[in-house]
Amino acid sequence: MNKLRQMQELTRGMDQTPFFKMLRPPFELRPFMLAFKERYKLALATNRSATVPALIEHLGLAEIFDAVASALDKVRPKPAPDILQLCLERAGVDASRAVYIGDSKVDREAAESAGIHFIGVGRRVEYHRLIPTLADLPPALEQLIASLC
């Protein structure tokens with residue numbers, strides 16, 4: 001077994017909540033997300049599993065999301081569209097009216113497979129709608145919405 005696989009196996013059963021205090025969001029996430037929640041339904045689609053509920057709580061994002069889907073839901077991980085489709089179903093939103101914000105090629109591929117619009121964030125993903133940081137999302141989202149009307 002290679003070292004990466006060994007590390008993944010080891011961390012899979014490990015309690016990661018002690019590491020949450022090391023997370024340093026670049027800005028206060030809760031007010032940022034609440035501003036979006038006033039206008040849109042919000043969902044979280046992640047390949048993470050056991051840490052998702054505790055991480056949401058730690059970041060002060062409990063009750064922010066209309067839908068959450070993760071590996072705990074026993075669906076195929078991204079880049080398969082399953083997690084995104086489950087979020088759409090739970091939030092009651094049609095794929096053509098949804099936007100997925102992601103920071104990886106896997107996120108982009110999942111959005112494309114699910115028929116969801118995509119906005120890339122950061123340097124790890126290439127896409128024609130790309131923003132440097134999450135803080136740049138409001139105008140990018142408005143621009144995307146305007147282009148669809």
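Leu134 sits in the loop that runs between β5 and α6. With a relative accessible area of 27%, Leu134 is partly exposed. Its C-alpha atom is separated by 9.8 Å from that of Leu29, although the two residues are 105 residues apart along the chain. The model described here is a predicted one.

**Nonpolar cores**

The largest nonpolar core has 17 residues. Met33, Leu61, Phe65, Ile119 and Leu137 are the members with the most contacts inside this core. Four elements, α2, α3 (52–58), β4 and α6 (137–148), each supply at least two of the core residues. Phe65 touches Met33, Leu42, Ala43, Leu44 and Ile56, with residues up to four places away in sequence not counted.

A second core, separate from this one, has 16 residues. Leu86, Tyr100, Ala110 and Ile116 are included in the second core.

**Helix α4**

Helix α4 spans residues 82–91. Of its 10 residues, 7 are buried, so α4 is largely enclosed by the rest of the structure. The buried residues of α4 are Asp82, Ile83, Leu84, Leu86, Cys87, Leu88 and Ala91. They pack against β1 (43–45), β2, β3 and α5.

Asp82, which lies in helix α4, has a relative accessibility of 18% and counts as buried, because the cut-off for buried is under 20%. Leaving aside neighbours within four places in sequence, Asp82 is in contact with Val75 and Arg76. Just after α4, Gly92 takes a positive phi of about 70 degrees.

**Salt bridges**

Side chains of opposite charge can pair when their charged atoms come close. A search of the whole structure finds 8 salt bridges. The table lists some of them, with N to O distances.

| Salt bridge | N to O distance |
|---|---|
| Arg90 and Asp73 | 2.8 Å |
| Asp103 and Arg124 | 3.4 Å |
| Lys105 and Glu109 | 3.8 Å |

The side chains of Arg90 and Asp73 meet in one of these salt bridges. Arg90 belongs to helix α4 and Asp73 to the loop between β2 (67–69) and α4, so the pair ties together parts that are 17 residues apart in sequence. Arg90 is partly exposed at 41% relative accessibility, and Asp73 is also partly exposed, with a relative accessible area of 26%.

Another salt bridge joins the side chains of Asp103 and Arg124. This pair links distant parts of the chain, 21 residues apart: Asp103 is in the loop between β3 (99–102) and α5 (105–114), and Arg124 is in the loop between β4 (117–121) and β5 (130–131). Asp103 is partly exposed, with a relative accessible area of 37%, whereas Arg124 counts as exposed at 60% relative accessibility.

Lys105 and Glu109 are also joined by a salt bridge between their side chains. Both residues lie in helix α5, 4 residues apart, about one turn of the helix. An α-helix has 3.6 residues a turn, so residues three or four places apart point the same way. Glu109 is partly exposed, with a relative accessible area of 25%.

**Aromatic pairs**

A pair of aromatic rings is described by the distance of the centres and the angle of the planes. In the whole structure, a search finds 4 aromatic pairs. Phe32 and Phe36 form one of them, 5.1 Å centre to centre with 70 degrees between the planes, an edge-to-face arrangement. The two residues are 4 residues apart in helix α2 (residues 29–37), a separation of about one helical turn. Phe32 is buried, with a relative accessible area of 14%, and Phe36 counts as buried at 10% relative accessibility.

Phe36 also pairs with Tyr40: the ring centres are 6.2 Å apart and the planes are at 35 degrees, so the pair is tilted. Tyr40 counts as partly exposed, at 22% relative accessibility. Phe32, Phe36 and Tyr40 form one aromatic cluster.

How values were computed. Residues are numbered from 1 along each chain as its sequence is written. This is a predicted model: local features need pLDDT of at least 70, side-chain atom pairs count only at pLDDT 80 or more; totals for chains, interfaces and linings use all residues. Side-chain values use heavy atoms; hydrogens and water are left out. A salt bridge is a side-chain nitrogen of Lys or Arg within 4 Å of a carboxyl oxygen of Asp or Glu. Buried means under 20% relative accessible area, exposed over 50%, partly exposed in between (1.4 Å probe, protein chains only). Rings of Phe, Tyr and Trp (its six-membered ring) pair if their centres lie within 6.5 Å; planes under 30 degrees apart count as stacked, over 60 as edge-to-face and the rest as tilted. A nonpolar core is a set of buried Ala, Val, Leu, Ile, Met, Phe, Trp, Tyr and Cys residues joined through side-chain atoms within 4.5 Å. Contact means heavy atoms within 4.5 Å.
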